[in-house]
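Reader: I am in my first year and would like to learn how the words used for a protein structure are justified. Could you take me through a few of them?

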Amino acid sequence: MTATRGAAGRRTLWLVAAGALAAAGITGLMARGAVADPTLPPLTPAELLAKVAAADVDGMSATFEQRSDLGLPTLPTSSLPDGEDLSSAIALLTGNHTVRVWVAAPDKAKVALVDGSTESAAIRNGNEVWLWSSEKQQAKHATLDPSAKPTPTATPMSPSEAITKFLDEIEPTTEVTTSGSGYVAGRAVYQLVLTPKDDASLVAQVRVSVDAQTFVPLGARVIADDGTDAISVAATSVDFTRPSDDVFAFAPPPGVEVTEMTKDSAPSGTEKPKGDAKEPTVHGTGWTAVAISPASTEKPDKELTTILESLPEVSGSWGHGRLLSTALVTAVVTDDGRVAIGAVTPERIYAALAER
Amino acid sequence: MSAPEASVAVRQRRGSFGRLFVSELQLVFGRRRNQVGLVVLLGLVTMLGVALKVSQLRHPGARGGDIISAVAGNGIFLGFAGLTIEIALFLPLAVSVLAGDAIAGEANLGTLRYLLTSPVSRVRLLAVKACALGVGSLVGALVVALGGVLVGTALFGAGPLITLSGSRIGIGDGLLRLLLAVLYVTVGLAALGMIGLFVSTLTEQPIAATVATAMVSTLLWILDAVPQLDWLHPWLLVDRWSAFIDLLRDPIFTDRMVTGLWVDLAYGVVFFGAAWLRFRNKNITS
């Protein structure tokens with residue numbers, strides 16, 4: 001009897017151990033990167049940037065996860081004005097997204113957004129460019145002009161000169177360091193840390209993770225003043241073998257609407273918003289720049305008014321308006337229709353509004 | 001005990017395990033309510049196909065981009081669409097019914113104590129029940145997928161499939177991917193079956209065990225749909241159940257499914273373990 005009970009006890013132990021192991025495995029899977037930091041030879045920011053500029057890989061396939069926690073209220077994007085482009089841009093900025101990336105050569109690349117049961121992709125294969133949306137069942141096509149050379153910069157510079165110039169330019173507003181190497185997608189990475197010097201900035205730090213072997217950037221985090229990761233993009237898996245050419249071959253499936261893109265109808269990203277006659281003015285520079293759009297007489301539509309009226313009222317020498325304050329971005333909409341927005345504290349926004 | 005004798009004993013024990021497993025399967029698939037359940041699963045996917053056909057006849061040309069709309073162009077997609085629709089409620093419900101019967105049902109009928117007189121240990125008996133739940137999950141998912149393909153092909157015809165990435169794959173490749181989807185769904189349902197098996201050891205009322213298991217799966221789905229709880233989502237059993245749709249990408253996207261299988265495995269191991277801890281010393285009075 002005691003023998004069987006002993007055996008049963010042992011079995012219980014095994015079982016509990018197996019359960020604990022399974023739970024630990026999942027935890028490990030979910031929180032990869034919680035292991036001890038790798039010891040890498042120290043590099044100065046300039047050295048690290050030089051290696052990034054010189055990075056040369058045959059190709060890569062990677063999956064990136066994007067997470068955003070801007071502290072924005074969850075807006076019903078469908079009710080937003082200004083059509084699909086704006087609401088899809090807002091949808092991209094909020095929530096979590098998974099992106100698959102393939103690169104085989106400078107002119108062979110594919111990026112696919114794989115959320116839920118839809119897929120949107122941008123593919124470049126030689127001179128052919130395709131944009132695909134499984135949700136809209138739409139393909140857009142463009143042919144790049146092979147004779148067009150990338151516009152040469154006014155003064156040709158060597159990469160190291162360019163890096164020095166870049167570092168010199170951001171030096172007055174930003175502290176640049178390398179520190180706290182860690183792991184991304186199971187690979188040791190260097191971290192380039194940009195810290196804004198101005199206290200009014202809501203950005204506490206920007207950390208860029210760079211693979212320690214290939215010097216390909218594998219992730220970036222924007223850390224807000226309250227310590228949360230406001231935006232983070234990081235690879236969850238990466239493979240530096242050259243993907244097969246099939247990946248970049250795209251032929252629109254039958255029954256799908258194909259739109260030819262010409263220079264006049266460039267992809268929507270570069271398009272200027274319609275009806276925006278007056279340019280916004282920018283106050284301040286660097287991290288604490290505040291953009292103020294001029295007063296508009298146009299009445300905002302009903303839904304937008306409802307959203308605005310739910311925001312707290314603020315007033316000062318500059319006037320009276322509504323304040324939208326998030327972890328990373330502050331915006332004030334004044335009663336005369338001006339919109340001031342910046343990654344700064346509300347006080348800095350009020351100061352910029354009063355400057356006028 | 002000499003070596004040959006021992007091996008005979010082992011073989012006998014294995015044989016009894018196999019016999020018990022076969023008789024368990026006969027019992028599960030012989031039950032009229034389970035047969036009706038399979039017909040209901042098939043009926044739902046048929047209904048979906050007919051509804052899509054009617055809407056196609058009434059609004060020809062209108063086509064969305066989701067998997068359900070894709071059925072109108074290719075009947076094979078009805079297999080995937082059927083899984084997508086039924087994984088939310090009907091397949092988990094079917095597994096809950098099987099799990100409720102597994103232990104609580106036998107206890108309720110008074111047959112559990114006779115079952116314990118068979119020459120297998122309690123852990124093996126529980127393993128037989130767990131394996132039968134796995135087979136039940138597989139058959140449920142297969143009926144939905146294959147039924148969907150047959151009904152879809154009859155209504156809409158079949159042809160090369162267009163993946164979510166916009167590429168085309170042959171019918172054979174498409175059916176293979178559907179089979180992989182069925183296996184993936186089976187693992188998830190079997191993990192829910194282990195939760196059900198554990199609940200089933202807690203009570204002698206099969207209805208209570210079934211309702212509790214179905215409620216667990218529904219609760220998990222609801223939690224998974226609340227955006228404010230997104231930190232919790234990766235830990236929920238059902239969170240990646242729909243990831244089989246990634247099989248329809250080109251190349252196939254495995255990351256989410258692999259994580260999903262680990263989550264399923266962890267739930268399965270933990271709840272099978274809990275069921276065993278409970279069943280091991282349980283007093284079988286009826």
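Author: Here are some questions about salt bridges, burial and a nonpolar core. This is a predicted model, in which local features need pLDDT of at least 70 and side-chain atom pairs count only at pLDDT 80 or more, while totals for chains, interfaces and linings use all residues. Residues are numbered from 1 along each chain as its sequence is written, chains are lettered from A and ligands numbered from 1 in the order in which they are written, and side-chain values use heavy atoms, with hydrogens and water left out.

Reader: Why is the pair Asp336(A) and Arg338(A) called a salt bridge?

Author: A salt bridge requires a side-chain nitrogen of Lys or Arg within 4 Å of a carboxyl oxygen of Asp or Glu. For Asp336(A) and Arg338(A) the N to O distance is 3.5 Å, so the pair meets that rule.

Reader: What makes Arg338(A) buried or exposed?

Author: Buried means under 20% relative accessible area, exposed over 50%, and partly exposed in between (1.4 Å probe, protein chains only). Arg338(A) has 4% relative accessibility and therefore counts as buried, whereas Asp336(A), at 36%, is partly exposed.

Reader: Which residue forms a salt bridge with Glu119(A)?

Author: Glu119(A) pairs with Arg249(B), and their closest N and O atoms are 2.9 Å apart. Both Glu119(A) and Arg249(B) are buried.

Reader: Which residues touch the most other members of the largest nonpolar core?

Author: They are Phe80(B), Leu83(B) and Phe244(B), in a core of 52 residues. Such a core is a set of buried Ala, Val, Leu, Ile, Met, Phe, Trp, Tyr and Cys residues joined through side-chain atoms within 4.5 Å.
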